[in-house]
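I opened the model to look up its nonpolar core and two of its helices, and I kept these entries as I went.

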Amino acid sequence: MKIIAWSYIAALVAVTLAHLNLQAELGNPFNMYRAGALCVAGMLARLAYPQSPSFTCLLMIGSVSVLGFSHFVANGSYGSPMDIIVDMSGGLWGIAIGAVLSKLISPSSKRTVLY
């Protein structure tokens, strides 16, 4: 799962750099696509690292920062503060969904003590 999560984040950066004119063509809806992609990245990261939510949060902050830098390299502008807010909220929702899925997939087994 860790390989999938890291590969997905790397693919997000590669796609951001590969489509230099895509952001200009799509305009504002591109933010929603990127927020959805970061939601999936947050979910995968949370599923990959279920025992360390702080690392998952730091990973998403780093991912948003790298994507912001990729956006700068691709377009020559940093974007607006709203882009960062949308990206961070997408990652946060992904972490929350991943936490719920993590609990559903592998609930912690409670030991029953028999006396």
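**Core and helices**

I looked first for the largest nonpolar core and found 12 residues in all: Ile9, Leu12, Val13, Ala37, Leu38, Ala41, Ala45, Leu59, Met60, Val64, Leu67 and Ile95. Such a core is a set of buried Ala, Val, Leu, Ile, Met, Phe, Trp, Tyr and Cys residues joined through side-chain atoms within 4.5 Å, and buried means under 20% relative accessible area with a 1.4 Å probe, protein chains only. I noted that α1 (2–18), α3 (29–48) and α4 each supply at least two residues of this core, helices being DSSP runs of H or I, at least four residues, numbered from the N terminus.

This is a predicted model, in which local features need pLDDT of at least 70 and side-chain atom pairs count only at pLDDT 80 or more, while totals for chains, interfaces and linings use all residues. Residues are numbered from 1 along each chain as its sequence is written, and side-chain values use heavy atoms, with hydrogens and water left out.

I then turned to Leu67 in helix α4 (residues 53–75), which is buried at a relative accessible area of 3%. Leaving aside neighbours within four places in sequence, I found Leu67 in contact (heavy atoms within 4.5 Å) with Leu12, Val13, Thr16, Arg34 and Leu38. The C-alpha atoms of Leu67 and Arg34 are separated by 9.3 Å, although these residues lie 33 residues apart along the chain.

Last, I checked helix α5 (residues 81–105), where I read Ser102 as buried because its relative accessibility is 13%. With the same exclusion of neighbours within four places in sequence, Ser102 is in contact with Leu47 and Pro50.

How values were computed: Buried means under 20% relative accessible area, exposed over 50%, partly exposed in between (1.4 Å probe, protein chains only).
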